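Student: Could you walk me through how some helices pack in this structure, and what surrounds the ligand?

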Amino acid sequence: MNDFPQALTIAGSDSGGGAGMQADIKTMQERHVFATNVVVAITAQNTLGVQDSFPLPLELITKQFESLAADFHIKACKTGMLADAAHVAAVAENLRRFDFGPLTLDPVMIAKGGAALLTEDAITTLRNELLPLATVLTPNLPEAEVLIGQSVKTPAEFKLAAQILQKMGAQNIIIKGGHQTAEQQANDYILYADGSDEWLSTPRIETVRTHGTGDTISACITAELAKGTPLKQAIRISKAYIQAAIANPIAVGHGHGPTNHWA
Ligand code: PLP
């Protein structure tokens, strides 16, 4: 009993179903992992953008953690949209209280449509309280730049940024290079806890249907870790999964469409 792989997503709800917690749950389901969730905020959102968002009461965040800890055997967890400093602090406090396995920290800041999913003053709290708890940190380029306070463009700067983030306390760092639109490849740089590193590159796919890509890759890593897949393999599987999800779009919505979790 209670030994089926179970994972946890701590994130914001996307009513449009393509990103946030919904992308996480769909991905975990596809990877044959049972998804539990702590809802941090609710967004009114579709493929055209984020129309509104509302963080849940802090007390309810803690109660969700307590409910899960009292029943499930969670083997890996991840964070997504955390809204503001108070919610980041509450999540960090609960992650210190309970053992939910390795944490994949996706430092979600701004949606592709421009909506802020984390207040600016929360970045310091995230850096100080959550980052040292991360087994895997998965910033995209703009997020890596904000976290370290300097620009990241060249391969040497990717490496330096990952080293700085590791010194801040995260164990393994994946800097996702997909925002470098002039490149023919999506080049991700990975610095592992043991100091080894590698680049994973896939051909760039020209599409607007990339809503929820960051959530999906971090959810896939989390699901694989919940199953006991070794980290390097979990990352490779996840890079291939997101590539297929972007390459096989589904026709949903009028805007910046979702990736395909069945791909
Ligand atoms: N909405 C929520 C609730 C999210 O957590 C995220 C990303 O983490 C997004 C939207 C981002 O969507 P996009 O991929 O369009 O930037």
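Student: Which residues of α5 meet α6?

Tutor: Happy to start there, with a predicted model in which local features need pLDDT of at least 70, side-chain atom pairs count only at pLDDT 80 or more, and totals for chains, interfaces and linings use all residues. Residues are numbered from 1 along each chain as its sequence is written. Helices (H or I, at least four residues) and strands (E, at least two) are DSSP runs, numbered from the N terminus. Counting a contact when C-beta atoms, placed from the backbone, lie within 7 Å, the partners A161, I164 and L165 in α6 are met in α5 by A144, L147 and I148.

Student: How many residues of that contact are nonpolar, polar and charged?

Tutor: Here Ala, Val, Leu, Ile, Met, Phe, Trp, Tyr, Cys and Pro count as nonpolar, Asp, Glu, Lys and Arg as charged, and the others, Gly among them, as polar. For α5 with α6, that gives no polar, no charged and six nonpolar residues.

Student: Why are α5 and α6 called oblique?

Tutor: Axes are lines fitted to C-alpha atoms, for helices over the stretch in contact, and angles run from 0 to 180 degrees between N-to-C directions. Under 35 degrees counts as roughly parallel, over 145 as roughly antiparallel, 65 to 115 as roughly perpendicular and the rest as oblique. Helix α5 (residues 141-148) and helix α6 (residues 155-167) have axes 10 Å apart, at an angle of about 55 degrees. The pair is therefore oblique.

Student: At what angle do α3 and α4 pack?

Tutor: Let's begin with the residues: A85, V88, A89, V91 and A92 in α3 meet A122, T125, L126, E129 and L130 in α4. This contact has eight nonpolar residues, one polar and one charged. The axes of α3 and helix α4 (residues 122-130) are 8 Å apart, and the angle is about 10 degrees.

Student: And α2 with α3: which residues of α3 take part?

Tutor: Helix α2 (residues 58-69) packs on helix α3 (residues 85-97) at about 25 degrees, with axes 10 Å apart. That makes α2 roughly parallel to α3. From α2 come L58, I61, T62 and F65, and they meet A86, H87, A90, V91 and N94 in α3.

Student: Which residues come nearest to the ligand?

Tutor: A residue is near a molecule if its C-beta atom, placed from the backbone, lies within 6 Å of it. By class, the shell has six nonpolar, 10 polar and three charged residues. Of the 19 residues around the ligand, the nearest are G12, A19, G20, M81 and K112.

Note on methods:
Contact = placed C-beta atoms within 7 Å.
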